[in-house]
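Trainee: Got a moment to go through this one with me? I'd like to quiz you on it.

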Amino acid sequence: MDGVGRFREVLPMLMDPVAFAEAFVSGDAAGGCRVPSRGMERHRATLRSCGVASDARSRPAFAMKAFTTPKKDGRTARLVLDARPLNDAMRRPPSMDLPRLRDFIAEVERHRFAMQCDGVSYFYQFPVDASISRYFGIGMKGCDMLLNVLCMGWSWAPCIAQRASNVLVRDLGLAWVDNFLVLGGTLDEAERNVAVFRKRAQAARVEVRAEGDDALWQVRSRFVCVGVEFDLAAETQRHRLDPAWAERWVDGSGMTAVLSGRATARQFAEVFGGAVWATDILAVPRCHFAALLSFAGRLGGRMVGAAAPVWDEVVDVPPSARRELGALRKIVRENPWVVGGVPEDTGSVLWTDASSRAWAALLEAEGRFVDGRQGVFAGPDADAHINLKEMLAFAEGVVRLCWAPGAQRCRIDNAAVVGAVAKGSSSSYAANRVLSRSLRVAGRRGIVLRPDWVPSGGQLADPYTRGTSLPRFPAQLPLPRSRATPFDLF
């Protein structure tokens, strides 16, 4: 990628020694780490001839262990640097700007045509300045080597690659690290966008390829991208899991072991990761898998920082978690199409808040108060954790105030509740129980919840949770609605 000028905004970490040094935690830029690699000497000539690495003329600041992992084609390998010493010495990288999977799917389904391609050995297309490469050393017998390109294993690498990809597809489509998707509402628009993308890639000297030589630059309406099969030619755009991936996950040896009740921690982690992926794509609420999530959370706590042998220990999977996994397995085996389309906004905003004593929820539309509810916590709820009280306030708001179908914007000043609503589940059993009920109510009413965090100072519902006698809402202007059922009001 010689045309780095077009990516100057996202590549200072690779080209500017001053910017690179500023990312270090104070005093750690000197390095001094050396961890030898095993068996990497046999790759020395290949790394040198490909321009990926060169022999170090002096001792690198960080000489770390490297290894290779096979790619899915079964013929080539991927070089990975165990860059934990370097990562520990540097600040955490900024956000990748990777789109959330649900947002990615929703954006694709706004269009009718797409062209898909990937970057060829994408990380290797990002050169590292010679003054910076000394921080990316590979410890080897005889003579260490220095990486001349962006390396997998460095915590900043995915962020740099994704942000460069976003520049390439800006206003044309989407990028998922090295996967590019150029979109268009019509065939003509898609082909115009593909032409612009090709010019950008050529100007930046980014090499890209499609699946098969004959498919290069081909615009399609049905395709598989990032593990999702899209059908944009249908009357209503739709998507589902990649059928090949679904078959492997359902019938894999890891799934068989987990459902038998005894599996290694590694097998369970792989199966659980697939379960999370599947629920996202098939829009299955995770609140239905409380036991599976709970067991995964407990096991994950034990595995943090664990050595490789611990991951190979056999664990007992509880029957309740196996039942929930079995139910999800049936859904994935069927792999139903999920009808796409972005729901229209309801035009209102739900604000919910809780104090130690009371809760309040109000509905606002364009700065105008529409409806509101408030109450004092009683019984066991009075002594609950504040996160649970915030979840109770949110649930009351959804059940009592939200009736119009569509995308309902929600403003909450509790990050735990925002995250739980966005994921569809909570690590807390009590909060998960409350959330699952509100999600069922929203689903029956055709409501898609869109939670956002707001600072406490900007929470409109906050004043109505304070004081010994709760302040009254302004004159109510209730939305037209049908009568609530006893099941709704929990």
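Mentor: Sure, what follows is a run of questions and answers on this predicted model.

Trainee: Let's start wide: how many helices and strands does the protein chain have, and what share of its residues count as buried?

Mentor: The secondary structure comes to 16 helices and 22 strands. As for burial, the protein chain has 490 residues, and the share of them that counts as buried is 48%.

Trainee: And among contacts between residues at least 6 apart in sequence, what percentage join residues at least 24 apart?

Mentor: That one is a straight read for the protein chain. Take the contacts between residues at least 6 apart, then keep those that join residues at least 24 apart. The share is 75%.

Trainee: On to the five-stranded open sheet: which strands stand at the edges?

Mentor: Walk along the order, β20-β19-β18-β21-β22, where the pairing is mixed. An edge strand has a single partner, so one side of it is left without a neighbour in the sheet. That describes β20 (368-376) and β22 (447-453).

Trainee: How much does that sheet twist from one strand to the next, on average?

Mentor: We're still on the open sheet with the order β20-β19-β18-β21-β22. From one strand to the next, its twist averages 20 degrees.

Trainee: Do β19 and β20 run parallel or antiparallel, and which residue in β20 stands opposite alanine 365?

Mentor: Strand β19 covers residues 358-365, and eight bridges join it to β20. The two run antiparallel. Opposite alanine 365, in β20, you find arginine 368.

Trainee: What about β18 and β21: how many bridges join them, and which residue in β21 is the bridge partner of leucine 350?

Mentor: β18 spans residues 345-354 and runs parallel to β21, with five bridges between them. For leucine 350, the bridge partner in β21 is cysteine 410.

Trainee: Then there's the β21 and β22 pair: how many bridges are there, and which residue in β22 stands opposite glycine 406?

Mentor: β21 and β22 run parallel, and seven bridges join them. Look across from glycine 406 into β22 and you reach isoleucine 447.

Trainee: Which helix lies across β21 and β22, and at what angle does it run to β22?

Mentor: Look for residues 415-423, which form helix α15. β21, one of the strands under discussion, is mostly covered, with six of its seven residues buried. Helix α15 lies across β21 (406-412) and β22, and its angle to β22 is about 150 degrees.

Trainee: Switching to charges: how many salt bridges does the structure hold, and which residues are linked in a network with Arg44?

Mentor: Side chains of opposite charge can pair when their charged atoms come close. The structure holds 18 salt bridges. Arginine 48 and aspartate 55 meet in one of them, at 3.1 Å from N to O. The network with Arg44 takes in Arg48 and Asp55.

Trainee: Is arginine 48 buried, exposed or partly exposed, and what about aspartate 55?

Mentor: Arginine 48 has a relative accessible area of 39%, and aspartate 55 has 32%. Partly exposed runs between the 20% and 50% cut-offs. So arginine 48 is partly exposed, and aspartate 55 is partly exposed.

Trainee: In the salt bridge of arginine 84 and aspartate 82, which residue is buried?

Mentor: Their side chains meet at 2.9 Å, N to O. Arginine 84 is exposed, because its relative accessible area is 55%, over the 50% cut-off. At 16%, the buried one is aspartate 82.

Trainee: And for glutamate 229 and arginine 222, which residue counts as buried?

Mentor: This salt bridge is 3.1 Å, N to O. Arginine 222 is partly exposed at 43%. With 8% relative accessibility, the buried one is glutamate 229.

Trainee: Where does serine 221 lie, and which backbone oxygen does its side chain reach?

Mentor: Serine 221 lies in the loop between β11 (208-209) and β12 (222-225). Serine 221 is buried, with a relative accessible area of 16%. Beyond its neighbours within four places in sequence, its contacts include Phe113, Phe230 and Asp231. At 3.0 Å, its side chain reaches the backbone oxygen of arginine 112.

Trainee: Last one: how many disulfides are there?

Mentor: The rule asks for two cysteine sulfur atoms within 2.5 Å. Cysteine 50 is exposed at 56%, while cysteine 159 is buried at 5%. The count of disulfides comes to zero.

Conventions: Residues numbered from 1 in each chain as written. Predicted model: local features only at pLDDT ≥ 70, side-chain atom pairs only at ≥ 80, totals over all residues. Heavy atoms only, no water. Helix = DSSP H or I, 4+ residues; strand = E, 2+ residues; numbered from the N terminus. Buried < 20%, exposed > 50% of the residue type's maximum accessible area, 1.4 Å probe, protein only. Polar contact = N/O pair within 3.5 Å; in protein donor to acceptor, adjacent residues only side chain to side chain. Contact = heavy atoms within 4.5 Å. Salt bridge = Lys/Arg side-chain N within 4 Å of Asp/Glu carboxyl O. Pairing = 2+ DSSP bridges. Axes fitted to C-alpha atoms, helices over the stretch in contact; angles between N-to-C directions.
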